[in-house]
Amino acid sequence: MKLKNQDGQIAKLIELETQRQKETLQMIASENHSSPAVREALGSLLTDKYAEGYPGKRYYGGNEFIDKVENLCIDRAKKLFKVEHVNVQPHSGSPANMAVYLSLCTPGDTIMGMALDMGGHLTHGAKYSFSGKLFKSVQYHVDEKTYLVNYDEVEKLAKEHKPKLMWVGFSAYPRILDWKRLGDIADSVGAYLAADIAHIAGLVAGGVHPSPVPYVHIITTTTHKTLRGPRGGMIMVTKKGIQKDSELPRKIDKTIFPGIQGGPHENAIAAIAICLKEASLPAFKKYAKQILLNAKALAKALQEYGFNIMSGGTENHLLLIDLRNKNITGIDAQNLLEASGISTNRNSIPYDPAGPFKPSGLRVGTPAITTRGMKEKEMKMIASWIDEVVANPKAAKKIAQEVKKLCKKFPLPK
Ligand SMILES: Cc1ncc(COP(=O)(O)O)c(C=O)c1O
């Protein structure tokens with residue numbers, strides 16, 4: 001009400017976006033619906049407080065309660081992910097990754113990561129990102145036939161280039177990574193190994209996906225994808241990390257502040273603490289399990305309609321669809337689906353002949369629709385709509401109405 005009176009334009013846009021989220025299916029694999037408790041903390045007065053530094057060592061007064069919030073958040077993250085040290089201040093995933101680079105490497109050092117068009121993230125050494133500009137980036141790929149990470153190539157490249165830092169993790173890879181093998185490769189060349197679990201953090205926390213903890217030195221994550229918190233980031237140091245370099249926690253903390261950030265967003269940190277508490281409850285385990293069941297059910301149903309699911313299926317929350325046999329580009333499919341009330345994103349597929357601007361693929365994820373309570377039955381319905389509109393674009397309007405009806409039955413978290 002206050003917002004409406006003070007700034008009608010923004011109030012209206014928030015209302016429209018709320019309506020869009022309520023009446024359509026959010027199937028962008030990196031998105032989710034946070035709980036009202038998380039959003040309450042985000043909108044709290046904590047947003048007004050400056051707290052440069054760390055609990056007990058702030059550069060401003062008045063942080064008695066803020067320190068408690070941040071300590072709670074750190075303790076919950078340590079317990080949930082079973083790690084030794086956590087920095088909860090990164091404003092998001094990319095700054096978290098930047099802090100890891102600047103803690104361990106100097107510009108010009110060699111780093112390794114999965115190529116962007118193979119499913120890796122920009123910050124894993126892509127040439128458009130600071131990570132590819134500041135460092136000598138060696139990129140690994142997936143196998144051309146199986147679309148699984150080519151571990152032999154990773155090993156060969158690591159031995160040849162001796163990277164200082166290796167990244168494992170992804171934004172668009174539907175399979176479980178072999179953490180142990182990757183850990184052995186990094187160890188064999190003395191590299192630091194960082195796992196970026198931004199996409200799968202909620203699956204790891206929910207116990208339905210193997211944790212990289214025993215095999216890597218550092219873990220970074222966002223907090224807003226499968227973990228279902230506010231937008232934010234965390235950097236964790238494992239026992240193995242401390243054994244390799246006891247200075248790692250100090251180096252990372254110093255890089256975040258004063259290295260690359262100023263005041264932490266304590267309202268977001270409070271909201272992260274809440275999502276970590278939520279993620280430690282039995283209901284979250286059930287949720288994480290259902291994300292996987294839904295992704296598998298969706299993949300299977302789409303395959304039955306003749307869609308080509310890269311790597312033959314999924315072991316996590318996302319699927320990558322190769323649309324070439326359906327004679328439609330990723331962008332056209334994204335737009336058609338959007339007109340049908342199904343929000344997805346176009347994506348390059350590995351070895352995409354079409355290039356990055358009109359890629360041949362579509363990335364689809366189940367975290368948000370699972371939060372709404374949807375199950376395998378609804379996945380079948382969604383697959384049938386995807387099939388219908390790709391075959392007949394004129395069906396979009398009718399499907400959008402059916403989607404709206406389904407969404408009404410599965411409201412956003414209240
Ligand atoms: C694997 C991975 N790492 C890092 C990020 C960056 O996160 P943010 O967008 O919060 O900077 C993403 C975002 O999609 C991601 O998928």
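**Exercise 1.** In this predicted model, find which strands helix α13 lies across, and the angle at which it runs to β12.

*Solution.* Start by locating helix α13 at residues 282-304. Next, look at the strands beneath your eye: helix α13 lies across β11, β12 and β15. Finally, compare directions: helix α13 runs at about 15° to β12. Now turn to another helix, α14 (residues 330-339), which packs on the sheet and touches β14 and β15. The direction of α14 makes about 170° with that of β14.

**Exercise 2.** Work out the strand order of this open sheet and name its edge strands.

*Solution.* Trace the four strands in order: β11-β12-β15-β14, with antiparallel pairing. Then look for strands that pair on one side only: these edge strands are β11 (308-309) and β14 (345-347). Now zoom in on β12 (residues 318-322) and β15 (residues 361-365), an antiparallel pair with five bridges. Here isoleucine 321 stands opposite leucine 362 in β15.

**Exercise 3.** Describe the shell around the ligand.

*Solution.* Begin with the count: 14 residues surround the ligand, and the closest are Ser92, Gly93, Ser94, Ser171 and Ala198. Sort the shell by class, and you get two nonpolar, 11 polar and one charged residues. Then ask where they come from: helix α5 (residues 93-104) gives the largest share, three residues.

**Exercise 4.** Decide how compact the protein chain is for its length.

*Solution.* First, take stock of its elements: 17 helices and 15 strands. The chain's radius of gyration is 21 Å, close to the 22 Å that the globule rule gives for 414 residues, so the chain is as compact as a globular protein of that length. To round off the picture, note that buried residues make up 50% of the 414 residues.

Methods:
Residues numbered from 1 in each chain as written. Predicted model: local features only at pLDDT ≥ 70, side-chain atom pairs only at ≥ 80, totals over all residues. Near = placed C-beta within 6 Å. Helix = DSSP H or I, 4+ residues; strand = E, 2+ residues; numbered from the N terminus. Nonpolar A, V, L, I, M, F, W, Y, C, P; charged D, E, K, R; others polar. Pairing = 2+ DSSP bridges. Contact = placed C-beta atoms within 7 Å. Axes fitted to C-alpha atoms, helices over the stretch in contact; angles between N-to-C directions. Rg over C-alpha atoms; globule rule 2.2 N^0.38 Å. Buried ≥ 20, exposed ≤ 12 C-beta atoms within 10 Å, placed from the backbone.
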